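User: Please take a close look at a single part of this model, and explain in a connected way how that part is placed among its surroundings.

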Amino acid sequence: MKRTPARRTSLTLTGVAILTTALLLTACGTSQGGGATEPTEAQTELGELEGSVSLLAWPGYVEDGSNDPEVDWVSAFEDETGCTVTSKTYGTSDEAFSLMKTGDYDVVAASGDASLRLVAAGDVAPVNTDLIPNYEGIFDFLKMQSWNSVDGVSYGIPHGYGANLLMYNTEVVTPAPTSWDVVFDKSSAYKGAVTAYDSPISIADAAVYLMTHQPELKIENPYALDETQLAASVQLLKDQRVNIGEYWSDYLKEVQAFETGDTVVGTTWQVIRDSLAEGTPAEVVLPDEGATGWSDTWMIAANAKSPNCAYAWLDYIASPEANAQATEYFGEAPSNAGACDFTVNPDHCESYHAGDAEYAAQIWYWSTPIAECLDGRTNVKCTDYSDWTTAWQEIKG
Amino acid sequence: MTVDASAPPRRAVVPQPRGTIARQGSVFLSRHSRLRLSLLLSAPLFWLGLVYIAALAALLITALWTVDSFTGQISQTWTVDNIVAVLTGSLYQTVTLRTVGVALLVTIIDIVIALPIAFYMAKVASPRAQRLLVIAILMPLWASYLVKAYAWRSVLSQGGIFEWMMSPFGGHSPGYGLPATIITLSYLWLPYVILPIYAGLERVPDSLLEASADLGGGTWSTLRLVVLPMIWPAIIAGSIFSFSLSLGDYITVNIVGGANQMLGNLVYTNVGAANNLPLAAAIALIPILIIFAYLAAVRRTGALNNL
């Protein structure tokens, strides 16, 4: 192809076009950003219901029968209160965090790796639990914890919780493990068949293990790691990486890998164990070192358009009936003690160890690692979530 | 040429053009061909500029920003830290090499498989068989990408079909990992390589093959000296598809790649889990640069001139 003068002109024009667009975009861009944090007050009394409420939640938390006609706990709320529910689901805590910035949602169901950031960014308001009668029924060990309160101020209502357990193939992994060492120090025995959850938050799993096995590191809280402690956890995970068959984030992927035997040992959730095909030789255990886990919280947006309907929803979802339906459908322990009487499967609470404070005490619930150490140390700076993300990418290599 | 004498004289029937605005405009445009062309092209060009060029520019600019790790907000201070991190970080170099290696292997495997199939379709098969073969090649494209990747996941699993087929020969399934990724990607992109090569071979006249044979050219020298130079641009076109599609893929490697990650996964985790759009944008520039380098190299061979 020959380069004609006309072609050269068009090239120049394209160049100019790119530059102009770039400048325009920059100009648009600079006006956004900021986000001042102003402490908001909790509501002291309830007003009239607004007639609608907008919810942001994990999939399976807000079911109105549109996915499965049998699964519906939203319609009852709408009939009872007259608040029409619109809901959106999110896939990761970070997605929830950025969606809350739009200001379109009145209520969010946040995990511990998002809740503190939402509070810090001023996106959620304190919740006056006196206005929520069903709060009384919530297990005490879930109330006013580090992931749902700040400086003694409650920022939400516990929804449900669960542990990241150890699952193993009973035919291959013998004797039955009681320690996480089968996926760490002794994982070479199962080279290529070990799995782990694919998220930076998995670094906390290694930290929990090190709390017992390398006490000289003095890890007090697996989400408050200084440079040395993080480096030790990362080294443990890098050694583990050699024996990893695959990481999982989609739980169906792990279900299939355990059914075929491609994976024989690794972290899991109770709901994954329950989803395995009949006859799969796999069991779960809460190892002696304890485990990480999650406890989700219903929070109210700082600038909610329908705060009264939001309070009504928080009260409704904490009620024994609704809490039982929602947590059983999702596969986690309910937060309301009364919920155990309403589950379809009478053994639900038992298999998820609901209300077992001793069991719950062994769980380190997901929290966002931040520079200001969560364990109260002030002489060091802790590693934050972005450090963990970088570390996690390097572990995977 | 003969003219029917009984036909009425046409000129009398055609009405005189009236000097309406539309008419004047049309006359003006027919005299100014440049303007006509630019008016015709402005709408699609505007769209192209908005979708491609603006998106690319936005990407480049985002790569020069940073993100506040606590509030998660993008702060628009100009910095080249992300780009320096991506260029110097050993993680990114390893992953880039792995990704380029996978993309090259997939491309080579696809071309090796596609050449005989395309040759059979274009030169040997009957027209009926040819049509059936084209449909057969296109058929997998009707199924979802995810379904095909998950199908390979079960094929390659322990006790899966692959192992069952290989066991009589003492072979094993490669398990989940880079070999599985290469096999799956080669399967996924094969139609995109076969079709351009098939189209290229269709344009090679049979007479040339006969002439070569008449002049004493054997099968291999005919293929090498006559066919290959003619279908080279088609092969390049096919390779651009498989190479660039493999370079950006992150789902297949997630499903069958075991614990491995490619450039796409790094971008994905930085956008999703890490909420670090600027770093993700900086990483996304790597495949863009590689593709530009590849296109420039191809252009030097002259293959693009005959596309």
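User: Against which elements do the buried residues of helix 7 of chain A pack?

Analyst: The buried residues of helix 7 of chain A pack against strand 8, strand 9, strand 10, strand 11, helix 8 (270–275) and strand 12 of chain A. This is read from a predicted model, and the description that follows keeps to the helix and then to the strands beneath that contact.

In helix 7 of chain A, the buried residues are A:K253, A:E254, A:V255, A:A257 and A:F258. Just after helix 7 of chain A, the backbone at A:G261 takes a positive phi of about 90 degrees.

The strands belong to an open sheet of chain A, in which five strands follow the order 10-9-11-8-12 with mixed pairing. Strand 10 (244–248) and strand 12 (282–285) of chain A stand at the edges with a single partner strand each, so one side of each is left without a neighbour in the sheet. On average, and with direction ignored, neighbouring strands of this sheet are turned by 25 degrees against each other. Helix 7 (residues 251–260) of chain A packs on this sheet, touching strand 8 (165–169), strand 9, strand 10, strand 11 and strand 12 of chain A, and its direction makes about 145 degrees with that of strand 10 of chain A.

Taking the pairings in sheet order, one begins at the edge formed by strand 10 of chain A. Strand 10 of chain A pairs with strand 9 of chain A in the parallel sense, over four bridges, and within this pairing A:W248 of strand 10 is the bridge partner of A:Y197. Although strand 10 of chain A stands at an edge of the sheet, five of its five residues are buried, so strand 10 is largely enclosed by the rest of the structure.

Strand 9 (residues 194–197) of chain A is also joined to strand 11 (residues 265–268) of chain A, by two bridges and with the two strands running parallel; here A:V194 has A:V265 of strand 11 as its bridge partner. On going from strand 11 of chain A to strand 8 of chain A, the sense of pairing becomes antiparallel, and four bridges are found between these two strands, with A:T268 of strand 11 as the bridge partner of A:L165.

Strand 8 of chain A is in turn joined by four bridges to strand 12 of chain A, the two strands running antiparallel, and in that pairing A:Y168 stands opposite A:E283 of strand 12. Four of the five residues of strand 8 of chain A are buried, so strand 8, too, is largely enclosed by the rest of the structure. As a general point about such elements, the side chains of a regular strand alternate between the two faces of the sheet.

To place this part in the chain as a whole, the domain assignment of chain A gives domain 1 (52–162 + 294–365) and domain 2 (165–268 + 370–396). The C-alpha centres of domain 1 and domain 2 of chain A lie 27 Å apart, and the contact between them involves four residues of domain 1 of chain A and six residues of domain 2 of chain A. On the side of domain 1 of chain A that touches domain 2 of chain A, there are two nonpolar residues, one polar residue and one charged residue.

Terms used:
Residues numbered from 1 in each chain as written. Chains lettered and ligands numbered in written order. Predicted model: local features only at pLDDT ≥ 70, side-chain atom pairs only at ≥ 80, totals over all residues. Pairing = 2+ DSSP bridges. Axes fitted to C-alpha atoms, helices over the stretch in contact; angles between N-to-C directions. Contact = placed C-beta atoms within 7 Å. Domains from an automatic or database assignment. Nonpolar A, V, L, I, M, F, W, Y, C, P; charged D, E, K, R; others polar. Buried ≥ 20, exposed ≤ 12 C-beta atoms within 10 Å, placed from the backbone.
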